[in-house]
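Open the model in your viewer and keep the selection panel at hand. The stops below go from an exposed loop to the interior and then to a pair of helices.

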Amino acid sequence: MADEPIKSVWYGVQAEQGAEFEDFDGWLWTSTLGDANKEYEAIRSDVAVWDVYPLVKWDFSGADAAKAVQRIFTNDAIGLSVGAVRYGAFVNTDGMMLDDGTVYRIADDHYFVMTNNPGYEDWFADVLGGLDVSIEDRTHQMPLMSVQGPKSRELLSKLTDADLAGLRYFHLFPEKQIVAGVPAWVLRTGFSGELGYELIPDRDRAVELWKAVRDAGASIFGTAGVEIARIESGMIVAGVDYQSGDGTPYDVSFDRLVALDKDVEFLGKEKLRQVAGNPPKRLKSLRIDSAEAPEYGAEVKSGDDVVGTLTSAAVSPRFGTIGLAVLNSDVASDGTRLDVAVDGATVPATVDVLSLYDPEKRRPRA
């Protein structure tokens, strides 16, 4: 008998409000409360909360915690100040991208590392052997709720005395704060392209905090609503926009997230240096001339030649039908006209900047 998918600590409180759920890699994610466009608009114009319980949270601690994190992470982890956060790729010895995620420096000898996929214990033991570091999977002890939208600061400021306005983008308070009477880690991060914060309470008080944020005025959004927002913002999903171990970070245009010019050492660095000067593939946005979104994984063509893959697609209320595509570099210039396969035929598409919505990230930095 197949294992039942894992439910979030917030499953029940969302089900009471009419949430629908979907099984993705053995975890039940909140899909929608019935109107994806309404949920999307709450992210873009108001404030809404998303259950990100399945995000895998690793606790790295010990004298060599910084070295350990850096060894598997392409961005500069050692150079982080306490309370700072960086996003990047996790790679193997061949420079192949296993995952993407974030690194948080809690103290000189303490980091949180968040990945999409679980099950890295054996890999950590293999590549981090000899280092003085303790690693623990704390996913179930650290439920994460994401409060996103231009009114997120206004709402949360009613629930906490923490200086939310003073907390810079991609930073966290290095100690727990009190939010609606509940101790919680407060992070200025998110997966929406908007101003937002993420809260991590202890598991036994998670529902209490969720209800407080909801009662303060936040609606709920699920994967259906955030899918539109993240495609607009050029944000990737593991297992959708790339497959673990199948390509380098350059295939998803992570150039600025690979610290080749920093005095830090990570797996596959020299192999990645060989790719950096002339990456064979690029991740770009496509504006698609179609009323409906093509299927994920559809071929992208230039004439009769297949030149890429449409990895994600959505119908955006702001931009029409759009998608993310991994393209051969020679066709990845903005303005290039291509075609996307749909039902045995093709529809025209135009290559555009990776983040169609707020490409300079001014809104989440506000």
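Begin by selecting Asp343, which is exposed, with a relative accessible area of 79%; here buried means under 20% relative accessible area, exposed over 50% and partly exposed in between, using a 1.4 Å probe and protein chains only. This is a predicted model, in which local features need pLDDT of at least 70 and side-chain atom pairs count only at pLDDT 80 or more, while totals for chains, interfaces and linings use all residues. Residues are numbered from 1 along each chain as its sequence is written, and side-chain values use heavy atoms, with hydrogens and water left out.

Asp343 sits in the loop between strand 18 (337-342) and strand 19 (345-352), where helices (H or I, at least four residues) and strands (E, at least two) are DSSP runs numbered from the N terminus. Its phi is positive, about 50 degrees, although Asp343 is not a glycine. Most residues other than glycine have a negative phi. Select Phe170 next, in the loop between helix 5 (152-157) and strand 10 (177-179), since Phe170 is another residue other than glycine with a positive phi, near 60 degrees.

Now move to Arg363, in the segment after strand 19, which is partly exposed at a relative accessible area of 33%. Not counting residues up to four places away in sequence, Arg363 touches Arg44, Pro150, Gly193, Glu194, Leu195, Tyr357 and Asp358, contact meaning heavy atoms within 4.5 Å.

For the interior, select Leu156, Leu199 and Val213, the residues with the most contacts inside the largest nonpolar core, which has 50 residues. Such a core is a set of buried Ala, Val, Leu, Ile, Met, Phe, Trp, Tyr and Cys residues joined through side-chain atoms within 4.5 Å. Strand 11 (residues 182-187) gives the most to this core, with 5 residues. Centre the view on Leu156 and, leaving aside neighbours within four places in sequence, you will find Leu156 in contact with Val147, Leu164, Tyr197, Leu199 and Val213. Apart from this core lies another, of 44 residues, among them Val91, Leu131, Ile236 and Leu283.

Which residues of helix 3 are buried? Select Ala65, Ala66, Ala68, Val69, Gln70 and Ile72 to see them; because 6 of the 8 residues of helix 3 (residues 65-72) are buried, this helix is largely enclosed by the rest of the structure. What covers those buried residues includes strand 4 (56-61), strand 5 (85-91), strand 6 (97-107), strand 7 (110-115) and helix 4 (121-127).

Then select Thr223 in helix 7, which counts as buried at 14% relative accessibility. Leaving aside neighbours within four places in sequence, Thr223 is in contact with Glu22, Trp29, Thr30, Ser31 and Trp50. Thr223 and Trp29 are 194 residues apart along the chain, yet their C-alpha atoms are separated by 7.3 Å.

Finally, show helix 2 (residues 36-45) together with helix 7 (residues 223-232), whose axes come within 7 Å and cross at roughly 55 degrees. That crossing makes helix 2 oblique to helix 7; angles under 35 degrees count as roughly parallel, over 145 as roughly antiparallel, 65 to 115 as roughly perpendicular and the rest as oblique. The axes are lines fitted to C-alpha atoms, for helices over the stretch in contact, with angles running from 0 to 180 degrees between N-to-C directions. To display the contact, select Ala36, Asn37, Glu39, Tyr40, Ile43 and Arg44 in helix 2, which meet Ala224, Gly225, Val226, Ile228, Ala229 and Glu232 in helix 7.
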